[in-house]
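Me: I have a protein model open and I'd like to learn how to read it. Could we go through it together, one feature at a time?

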Amino acid sequence: MSEQSVSPFAAALAKRQRAEQEQKEAEERKGQNFDFEELAYFPLEDGKEKVFRIVGNPVEVRSKQDDPILILQSQVVNEKKSGYVKINWDAIQKDGKLVPNPDWVLSRLYSKVNERDWKKYTDADLDDKKGIVKAEGKIVNADGKNGEWVYRHADTQIYKIVDGNAKKDEKYPKSFYPSKRVIMNVINRHDDWCKINNHTQILTSKLGVSEKKNDKTGEMIRSLFPDTGIPETLYKAIFEHFVKSRGDWDVDAVVTKKASDKKYEVWDATDAKYLSDLAKKLASENDLTKEELLYETYDLDKLFGVSSYSKLLKRLGYLFKLCDAELGTEFFKELEQLANKEAEERKAKNEEEKSEDDAEEKHNNEDVKEDVKETSSRARGVSKPSTDTSTEEKLVEYFKTVFPKWKDLPDSDKKILITNFDKVGSNGYPDFKMSSNPVQCSNADCKFEGSNVIPQTPDTISMCPVCGEVYPEQA
Ligand SMILES: [Zn+2]
């Protein structure tokens, strides 16, 4: 080995470090470019009638991913106390109510921190100022109770954080214990966003918007602060209105938020005498059109499912550590194991799942400023959110209604029709992509049922889905 030459190990090390650096940079680039699906919100606004159509079946009979979903969510202060992390709790039905699953690791931490004992008053507690007095030989407080709950860990840091759950300079703490929210897909009747994007929006009780200038580029950045869906109380009011008035919600809803008395007024398209002229004009009593039935919807399971263990670990790990240190529990280790197991299971599935989880992280994890950055394409309102699995099922449902011979088609033809579908034409019948070279049926009498419309389908299919004519094999 000559003296000038670098040792092969040093060279190897340098090469390795370079490779690692490149990998890291690539990871970062990937992170920045990650193009997650932006949610489009339909916000209620104070004092304004908002007209929309609910998509899907009620929470109580929920069976599809896009049916309205009831979740338990709380906002928990982050370690820096600069903002909150939205946590969707694992929940169970108990006595007809949705409550936190007592076995879930965060529920257990919450219960541990809030351990309490009933302490009966003694003479030593008598205190006129606090209203603890002796009456008829019994010591009672202003509420007539003969004692009070004493929190065992009231002096600990972890208790103070959980009980006082608030970021810096916050006036009122937020409840660590979760509240019930309902998230649903709706069709917005105030503009044509849904039509243009061929997609539903998410109903939210409030959508805050702030604008900030990017110091480097001078560009204005819009940030959205959406409430997670609507409070369960409003969902109940909507449900009860429709059940009483018609038995279903297959007409448009008209909801007005009355912030001053913390109420919502709920009407529907058929309640003409309670609606303004504008609302009357916007609200439809008609069934959804074929086009609307085919709108893509948000998969609410995916977007609003129970927060992952890795999220609890990453964002709230500090609470688990603090609890262990002060109360002698071993939650952090357990959480780490759960997160590892979860990561392995995810790996065993596929990469697709992984990116979905990233999307979930992005949506539900926006702590600090609690915002979701609005991309420029969203702002323009023209981007088409990514397709989800239920879309194909819906397309098939639609095909079944317009193609009497659908069930007789060979699978290869079905596939051609699905992949080359372009849009529902203005006549209500399917248009296929020009690239599939749509042609008329060789049966000159072939028309869509009950119409004069002549079907045009991709030229590679072997059988007409309308009349069942079998085409000769192409040379
Ligand atoms: Zn035909």
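Me: In which loop does glutamate 136 lie?
Reply: Keep in mind that this is a predicted model. Glutamate 136 lies in the loop between strand 8 (133–135) and strand 9 (138–140).

Me: What is unusual about the phi of glutamate 136?
Reply: Start with the general idea: most residues other than glycine have a negative phi. Glutamate 136 has a positive phi of about 50°, although it is not a glycine.

Me: Is glutamate 136 buried or exposed?
Reply: Here you count neighbours. Glutamate 136 has 5 C-beta neighbours inside 10 Å, so it counts as exposed; the cut-off for exposed is 12 or fewer.

Me: Where is asparagine 198 found, and what is its phi?
Reply: Look in the loop between helix 4 (193–197) and strand 13 (201–204) for asparagine 198. Its phi is positive, about 55°, and asparagine 198 is not a glycine either. As for its surroundings, asparagine 198 has 17 other C-beta atoms within 10 Å, which makes it partly exposed.

Me: Okay, let's zoom out. How many helices and strands does the chain have?
Reply: You'll find 14 helices and 23 strands. The chain has 475 residues, and 27% of them count as buried. Contacts can also link parts of the chain that are far apart in sequence: among those with a separation of 6 or more, 64% are between residues 24 or more positions apart.

Me: How do I read a sheet? What is the strand order in the open sheet of six strands?
Reply: You read a sheet by going from strand to neighbouring strand. In this one the order is 1-13-12-2-17-18, and the pairing is mixed. Strand 1 (41–43) and strand 18 are the edge strands, each pairing on one side only. From one strand to the next, the twist averages 45°.

Me: Which way do strand 1 and strand 13 run relative to each other, parallel or antiparallel?
Reply: They run parallel, joined by three bridges. One bridge to look for is that of proline 43, whose partner in strand 13 is threonine 204. A helix comes in here too: helix 5 (residues 232–245) packs on the sheet, where it touches strand 17 and strand 18. The direction of helix 5 makes about 30° with that of strand 18.

Me: What about strand 17: why is it described as largely enclosed?
Reply: Five of the six residues of strand 17 (residues 253–258) are buried, so the rest of the structure largely encloses this strand. Strand 17 pairs with strand 2 (residues 49–54) in the antiparallel sense, over four bridges, and phenylalanine 52 stands opposite alanine 253 there. Strand 17 also pairs with strand 18 (residues 263–268), again antiparallel, over six bridges. In that pairing, valine 254 has tryptophan 267 as its bridge partner.

Me: How many residues lie between strand 17 and strand 18 in their hairpin?
Reply: Four, and one residue in the turn, lysine 262, has a positive phi of about 50°.

Me: Which residues have the most contacts inside the largest nonpolar core?
Reply: General idea first: in soluble globular proteins, nonpolar side chains tend to be buried together. In this model the largest nonpolar core has 65 residues, and Leu109 and Val254 have the most contacts inside it. Helix 9 (residues 309–327) gives the most to this core, with seven residues.

Me: What does leucine 109 touch?
Reply: Leaving out residues up to four places away in sequence, leucine 109 touches Leu319, Phe320, Cys323 and Phe331. Leu109 is one of the buried residues of helix 2 (residues 105–113). The cover over the buried residues of helix 2 includes strand 4, helix 9 and helix 10 (331–348).

Me: Last one: which residues of helix 14 are buried?
Reply: In helix 14 (residues 411–419), they are Asp413, Ile416 and Leu417. These residues cover an arc of only 95° around the axis, so they sit on the same side of helix 14. On the other side, Asp411, Ser412, Lys415 and Thr419 are exposed. Among the elements covering the buried residues of helix 14 are helix 13 (390–402) and strand 20 (421–424).

Note on methods. Residues numbered from 1 in each chain as written. Predicted model: local features only at pLDDT ≥ 70, side-chain atom pairs only at ≥ 80, totals over all residues. Buried ≥ 20, exposed ≤ 12 C-beta atoms within 10 Å, placed from the backbone. Helix = DSSP H or I, 4+ residues; strand = E, 2+ residues; numbered from the N terminus. Arc of directions from axis to C-beta. Contact = placed C-beta atoms within 7 Å. Core = buried A, V, L, I, M, F, W, Y, C linked by C-beta atoms within 7 Å. Pairing = 2+ DSSP bridges. Axes fitted to C-alpha atoms, helices over the stretch in contact; angles between N-to-C directions.
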